[in-house]
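Subject: Handing over a structure, with notes on what was found

Dear colleague,

I am passing this structure on to you, and my notes follow below it. Please look through the sequence and the structure before reading on.

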Amino acid sequence: MIDTLPPLRAVIARHGLSARKALGQNFLLDLNLTARIARAAGDLANADVLEIGPGPGGLTRGLLASGARHVVAVERDARCLPALEEIAAAWPGRLTVLHGDALALDPAAHLRPPVRIVANLPYNIGTELLVRWLTPPQWPPFWQSLTLMFQKEVAERIVAEPGSGAYGRLAILAQWRSTPRIVLRLPPEAFTPPPKVASAVVHFERLEAPRFPADAAVLSGLVARAFGQRRKMLRSSLRGLSPDIEADLRAAGIAPTDRAETVSLEGFCTLARILAQR
Ligand code: SAM
């Protein structure tokens, strides 16, 4: 038992929180599991935690029981608010619940650094939020770490190495500015209701400066082009990015006949610097 609140099944029954597919609702009801996810997020005692999509509050309870200094939870479904208010009452002054769409709402005013983001995300907005968190106007960003649930395939794309079919834009964006690693794998049955696919939790610890120098917009545009046509040789997928793309590729140590999948993060950063000088 991690707190004195009722079991989550009872909370869900009492508040009529039948899962809604449109909101990506697959709940975690095992509080041992949510405590494990909270522990994977690092030292919470000296951090504010931003949680997206708390739902009935299983992970929220894990975060609070793990000693999080303050949790700010953003939930879109108004039906969940009374259950979350009960958790706030059990942990006075430690939980702030914000009702709204995480894609539209800016919680910054409620958070004190260091900020750790922890979420069992709705799958339909997970990738979009991740890309936003990895591509802010300024680096370092407002967050110290991210600990996020994804579909297993997305988690594997984030940690993928060159040469694998999963390697692409997500791997480059994530590995350029953070150290992502898979910390937990979960079968569909871990959730209620079970989703169709397996899931995995990825923990990202931010780097204070990107791993290799490059302009974020140039790198992002380059990688989008290169992997947009991942089966093509780079000299054709990148044609038009520079007056002499073959020379630029060679100057970056990349063969013009290579495909995007084989180019390292360092190779893309070198090419981005050359393109930025053009
Ligand atoms: N964290 C809970 C858990 O682990 O049991 C619920 C996870 S469930 C996969 C995703 C949650 O995100 C749901 O509670 C859903 O209502 C909420 N949600 C969906 N879209 C959202 C959005 N745009 N902004 C904030 N919350 C959203």
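Helices (H or I, at least four residues) and strands (E, at least two) are DSSP runs, numbered from the N terminus. The model is predicted, so that local features need pLDDT of at least 70 and side-chain atom pairs count only at pLDDT 80 or more, while totals for chains, interfaces and linings use all residues. Residues are numbered from 1 along each chain as its sequence is written, and side-chain values use heavy atoms, with hydrogens and water left out.

I begin with the ligand. It is surrounded by 21 residues, the closest being Leu 28, Gly 53, Glu 75, Asp 101 and Asn 120, where a residue counts as near if one of its heavy atoms lies within 4 Å of the molecule. Strand E1 (27-28) and strand E3 (70-75) each supply at least two residues of this shell. By class, the shell holds nine nonpolar, seven polar and five charged residues; here Ala, Val, Leu, Ile, Met, Phe, Trp, Tyr, Cys and Pro count as nonpolar, Asp, Glu, Lys and Arg as charged, and the others, Gly among them, as polar.

Three side chains come close enough to the ligand for a polar contact (a pair of N or O atoms within 3.5 Å). A polar side-chain atom of Glu 75 lies 2.6 Å from a ligand oxygen atom, and one of Asp 101 lies 2.8 Å from a ligand nitrogen atom. In the side chain of Asn 120, an N or O atom is 2.8 Å from an oxygen atom of the ligand. Taken alone, the ligand exposes 590 Å², of which the protein buries 99%, with accessible areas coming from the Shrake-Rupley method with a 1.4 Å probe.

Next come the open and closed spaces, which are found on a 1 Å grid over the protein atoms alone: a cavity is a set of points where a 1.4 Å probe fits but cannot get out, a pocket is an open set with protein on both sides within 12 Å along at least five of seven lines, and lining residues have an atom within 4 Å of a point. The ligand sits in the largest pocket, in the sense that more than half of its atoms lie within 2 Å of the grid points. This pocket has a volume of about 430 Å³, a volume being the space filled by probe spheres set on the points, which are joined across faces, edges and corners. Its lining is made up of 29 residues, and Leu 23, Gly 53, Glu 75, Asn 120 and Pro 122 lie nearest its centre. Helix H5 (123-134) is one of the elements that supply at least two lining residues, and H5 gives the most, with three.

The structure also holds one cavity of 30 Å³ or more, and about 50 Å³ of space lies in the largest cavity. Among the residues that line the largest cavity are Leu 5, Val 11, Arg 61 and Glu 86, and helix H4 (81-90) gives the most to this lining, with three residues.

Finally, a cis peptide bond joins Pro 113 and Pro 114, with omega about -5 degrees.

With best wishes

Conventions: Polar contact = N/O pair within 3.5 Å; in protein donor to acceptor, adjacent residues only side chain to side chain.
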